[in-house]
Amino acid sequence: MKAESLLSLLSPGARLLVSGRVGVLRGAAPAPRGRVAGRALAAVALASLAACSQAPVYQRPEVATPAAFRESAWQAAQPQSPDVLDDWWTQFKDPVLSELQAQVVVNNQSLQAVVAQYRSAEAAVAISRAAQFPTVTGTLGASRSVSGTTNSTGTSGSSTPVNVFSLGANASWDTDLWGRLANATEAARTQAQASRSDLLAARLSLQVTLAQTYFSLRSVETQAQSLARAVQAYEQSLQLTQNRYAAGVAGAADVAQAQTQLKSAQAQAIELRLQRAQLEHALAVLLGQAPANFRLAETARLPEAPPAPRLLPASLLQRRPDIAAAERRVAVANAQVGVTRAAFFPSLTLSASGGYRANQWSDLVSLPHRFWSLGPSMALALFDAGGREAATRQAWLAVDQASANYRQVVLTAFQEVEDNLVAADALAQEAQVQAEALAAARRALEIVSNQYKAGTVSYLNVISAQATALTAENTLTTVRNRQLLAVGQLLKNAAGRWDLPLSTEGAAPAAQKPPGA
């Protein structure tokens with residue numbers, strides 16, 4: 001809407017009101033009350049007629065995505081408000097992990113910083129909304145003054161001191177003709193929605209990090225337990241070899257090889273204790289505790305990974321908080337365009353003041369000492385050396401930047417799901433095959449050990465069979481840990497859950513107010 005067309009709808013008196021300030025002070029020639037009231041109403045009418053937003057109509061950026069994926073079946077979908085399952089880790093059926101997850105969301109300091117950031121964004125919404133309403137201030141003052149005087153003979157002197165007491169109130173309202181304040185409020189509200197999504201994303205990322213650290217710690221414990229059994233077997237083999245050497249059946253080289261194998265295994269056990277201590281310290285910090293005050297009992301048991309689905313609906317990406325946050329930031333940049341474009345149009349402020357002014361306290365609140373003022377004022381920047389054009393251009397470039405970031409986040413999300421889908425499936429198969437390899441290695445070790453006792457093979461065969469069995473067992477533990485990590489990442493990629501029907505259809509959500517707004 002153009003300012004000229006709006007002015008043409010008003011009466012000549014109203015147009016005069018818009019172009020200048022009308023005021024009435026005691027001692028000046030007052031205008032009739034009816035005319036002043038009419039002019040004030042005309043200004044309000046102008047404000048209501050001219051409340052036009054300069055922000056462009058928001059459209060979510062388009063993202064080119066494939067119709068189908070190599071690793072799973074997908075449906076077309078659009079990002080909605082984020083929805084993260086609060087207990088997704090219960091699928092691993094580990095009570096210790098569940099207990100740790102309950103503590104991390106309360107005690108982790110990095111998460112508390114993100115919570116404070118979200119609350120700050122909520123407060124920014126309230127600040128922006130308050131700017132759309134009138135402001136009223138009260139005044140109370142007292143002063144005593146003396147001014148010099150000069151008579152006709154040129155003699156100077158002092159007048160009688162004068163006391164002035166005043167009591168009043170001032171009100172002003174920016175009518176926001178062109179939606180500058182409204183768009184600023186919308187930008188703040190949308191930014192709060194993005195901050196809420198950031199909070200959900202940070203919480204989910206923290207929970208996944210805790211789960212992965214916990215899995216790695218249990219994996220190290222399992223490897224340490226396997227190594228402890230190997231050390232025990234190596235000690236028995238060394239004792240057997242020493243007995244055979246004493247009997248003249250085995251050579252000194254067999255004894256040295258048995259000692260080397262035992263000491264190497266003991267050194268590996270020390271390294272595993274170091275890794276477990278460091279992982280336990282990492283868990284303590286995640287839980288907001290000093291490492292010296294945190295202890296986690298050893299179980300040497302890896303939880304079972306829940307089976308990953310072979311089919312996933314694309315609607316799962318609708319609830320990813322990182323995608324929702326990126327999309328909301330595009331909307332923030334879009335609203336900021338309206339703020340910068342409003343600077344090209346005049347701003348209209350309605351102001352009013354009134355009160356009492358007297359020379360004595362006892363006469364202050366009385367009708368003869370009343371004063372008041374009412375009227376609008378308009379302001380427009382006539383020259384700024386291209387500053388407004390540059391600000392608008394910058395706002396549009398911010399929209400382009402946010403749109404590109406949003407598309408990249410979506411594409412990265414597709415890649416992450418693809419990667420972890422194939423990883424979870426491949427590692428499940430690898431774990432099964434590795435378990436079979438471990439069983440075969442143990443059978444081979446048993447056969448070779450019997451052959452060595454019978455004196456048909458050398459001790460090198462025993463060492464090789466023992467090393468193969470230990471390597472197979474450690475590899476199986478590593479594969480199971482990688483499988484747990486891949487499934488955890490896949491749960492993170494799916495916002496904590498994947499139990500949605502394939503018929504779920506995505507729809508663009510309406511803008512939601514952040515909690516407490």
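These legends walk through several close-up views of a predicted model.

**View 1. A salt bridge within helix α6 joins E221 and R218.** Welcome to a good starting point: in this pair, the closest N and O atoms are 2.8 Å apart. Both residues belong to helix α6, which covers residues 180-246. They sit three residues apart, about one turn of the helix. Are these two residues buried or exposed? E221 counts as buried because its relative accessibility is 4%, under the 20% cut-off. R218 is buried as well, with a relative accessible area of 0%. For context, a search of the whole structure finds 16 salt bridges.

**View 2. R276 forms a salt bridge with E221.** Here the closest N and O atoms are 2.7 Å apart. The pair links distant parts of the chain, with R276 in helix α7 (residues 252-286) and E221 in helix α6. In sequence, the two are 55 residues apart. Both R276 and E221 are buried.

**View 3. E298 forms a salt bridge with R276.** Between these partners, the closest N and O atoms are 3.7 Å apart. E298 lies in the loop between α7 and α8 (321-341), while R276 is in helix α7, so the salt bridge ties together parts that are 22 residues apart in sequence. How do the two ends compare in exposure, buried or exposed? E298 is exposed, with a relative accessible area of 60%, whereas R276 is buried, at 9%. Stepping back, salt bridges that share partners join R218, E221, R276, E280 and E298 into one network.

**View 4. Strand β5 pairs with β4 and with β6.** Let us turn to the strands. Strand β4 (residues 162-174) and strand β5 (residues 347-358) run antiparallel and are joined by 10 bridges. To find your place along this pairing, look for S172, which stands opposite S351 in β5. Strand β6 (residues 370-379) also pairs with β5 in the antiparallel sense, over 10 bridges. For this second pairing, a handy landmark is S347, whose bridge partner in β6 is A379. As you follow the strands, keep in mind that side chains in a regular strand alternate between the two faces of the sheet.

**View 5. Helices α8 and α9 pack against each other.** Which way do these helices run relative to each other? The packing angle is about 170 degrees, and the axes of α8 and α9 (residues 387-454) are 8 Å apart. An angle over 145 degrees counts as roughly antiparallel, so α8 and α9 are described that way. Residues of α8 that make the contact include I323, A326, V330, A333 and V337. From α9, the contributors include W396, V399, Y406, V409 and V410. By class, the contact of α8 with α9 has 15 nonpolar, five polar and four charged residues. Among the residues in the contact are D322, E327, R329 and R341 of α8.

**View 6. E473 sits in helix α10.** Our last stop is in the helix that covers residues 459-493. E473 is buried, with a relative accessible area of 12%. Which residues does E473 touch, leaving aside its neighbours within four places in sequence? E473 is in contact with S226, R229, L438 and R442.

How values were computed:
Residues are numbered from 1 along each chain as its sequence is written. This is a predicted model: local features need pLDDT of at least 70, side-chain atom pairs count only at pLDDT 80 or more; totals for chains, interfaces and linings use all residues. Side-chain values use heavy atoms; hydrogens and water are left out. A salt bridge is a side-chain nitrogen of Lys or Arg within 4 Å of a carboxyl oxygen of Asp or Glu. Helices (H or I, at least four residues) and strands (E, at least two) are DSSP runs, numbered from the N terminus. Buried means under 20% relative accessible area, exposed over 50%, partly exposed in between (1.4 Å probe, protein chains only). Two strands pair if DSSP finds at least two bridges between them. Axes are lines fitted to C-alpha atoms, for helices over the stretch in contact, and angles run from 0 to 180 degrees between N-to-C directions. Angles under 35 degrees count as roughly parallel, over 145 as roughly antiparallel, 65 to 115 as roughly perpendicular and the rest as oblique. Contact means heavy atoms within 4.5 Å. Ala, Val, Leu, Ile, Met, Phe, Trp, Tyr, Cys and Pro count as nonpolar, Asp, Glu, Lys and Arg as charged, and the others, Gly among them, as polar.
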